[in-house]
Amino acid sequence: MKLYSLKKNHLFSKAYKKGKKVVTKSVCVYCMKNYRDDASYVGITVSTKLGGAVQRNRAKRIIRAAYREIAANGSFSDSYIIVIVARSGCFDGSFGSRDVYGDLMGAFGSLKLFGKEKSEK
């Protein structure tokens, strides 16, 4: 499973303006359907207000690992543009990757990104 990263600024802006938004303690997730491509693209952002370069990169690594685990276990119903913004909850010493994983699962569930499971007959 390949992680396709979101790199174009106009797609970030479009997700912020037109996408659905869910806020949790550690992350804020913006999502919109990707009509042009088959793959889901993910962009991870961390504000400079939240810490130095080391802390910001650590937060991005934690979020990326949690997203990869979610994408490996379940599949999205369609292709999406997803922007994940780290919040100050990511920088608490007590907050770890399992907490971010739980928050992302809750956010993705609220946004209804997962496909319906096919029942076997």
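**Reading helix packing and ring pairs**

Q: Are α2 and α3 oblique or parallel to each other?
A: Oblique. This is a predicted model, and the general idea is to take the angle between the two helix axes and see which class it falls in: under 35 degrees is roughly parallel, over 145 roughly antiparallel, 65 to 115 roughly perpendicular, and the rest oblique. Here α2, residues 53–73, packs on α3 at about 55 degrees. That angle is in none of the named ranges, so the pair counts as oblique.

Q: How far apart are the axes of α2 and α3?
A: They are 9 Å apart. As for the hand of the crossing, α2 passes α3 in a right-handed one.

Q: Which residues of α2 and α3 make the contact?
A: On the α2 side you'll find Ile62, Ile63, Ala66, Tyr67, Glu69, Ile70 and Asn73. On the α3 side, look for Ser97, Arg98, Val100, Tyr101, Leu104, Met105 and Phe108.

Q: How many residues of the contact of α2 with α3 are nonpolar, polar or charged?
A: The split is 10 nonpolar, two polar and two charged.

Q: Can we zoom in on one residue there? What does Tyr101 touch, not counting residues up to four places away in sequence?
A: Ala66, Glu69, Ile70 and Asn73. Tyr101 itself lies in helix α3, and its C-alpha atom is 7.6 Å from that of Ile70, 31 residues away along the chain. With 15% relative accessibility, Tyr101 counts as buried, because the cut-off is under 20%.

Q: On to the rings. How many aromatic pairs does a search of the whole structure find?
A: Three. The general recipe is that a pair of rings is described by the distance of the centres and the angle of the planes. Take Tyr16 and Tyr30: the ring centres are 4.9 Å apart and the planes stand at 85 degrees, so this pair is edge-to-face. The two come from distant parts of the chain, with Tyr16 in helix α1 (residues 9–18) and Tyr30 in strand β3 (residues 27–33), 14 residues apart.

Q: Is Tyr16 buried or exposed?
A: Partly exposed, at 34% relative accessibility. Its partner Tyr30, at 14%, counts as buried.

Q: What about the rings of Tyr67 and Phe108?
A: Read them just as before. The centres are 6.2 Å apart and the planes sit at 90 degrees, so this one is also edge-to-face. Tyr67 is in helix α2 and Phe108 in helix α3, 41 residues apart, so to speak bridging distant parts of the chain. Tyr67 is buried at 4% relative accessible area, and Phe108 is buried at 0%.

Q: Let's try a strand residue. Where is the place of Ile81?
A: In strand β5, residues 80–86. Ile81 is buried, with a relative accessible area of 5%.

Q: Which residues is Ile81 in contact with, leaving aside neighbours within four places in sequence?
A: Leu6, Leu11, Ala15, Tyr30, Cys31, Met32, Asn34 and Tyr41. Tyr30 in that list also belongs to the ring pair with Tyr16. Sequence separation is another thing to check: Ile81 and Arg64 are 17 residues apart along the chain, and their C-alpha atoms are separated by 15 Å.

Q: Last one, a backbone angle. What is phi of Lys112 near?
A: Near 60 degrees, a positive value in a residue other than glycine. Lys112 is found in the segment after α3 (97–110). Lys112 counts as exposed, at 66% relative accessibility.

How values were computed:
Residues numbered from 1 in each chain as written. Predicted model: local features only at pLDDT ≥ 70, side-chain atom pairs only at ≥ 80, totals over all residues. Heavy atoms only, no water. Helix = DSSP H or I, 4+ residues; strand = E, 2+ residues; numbered from the N terminus. Buried < 20%, exposed > 50% of the residue type's maximum accessible area, 1.4 Å probe, protein only. Axes fitted to C-alpha atoms, helices over the stretch in contact; angles between N-to-C directions. Left-handed = near helix turned anticlockwise from the far one by under 90°. Contact = heavy atoms within 4.5 Å. Nonpolar A, V, L, I, M, F, W, Y, C, P; charged D, E, K, R; others polar. Phe/Tyr/Trp six-rings, centres within 6.5 Å; stacked < 30°, edge-to-face > 60°.
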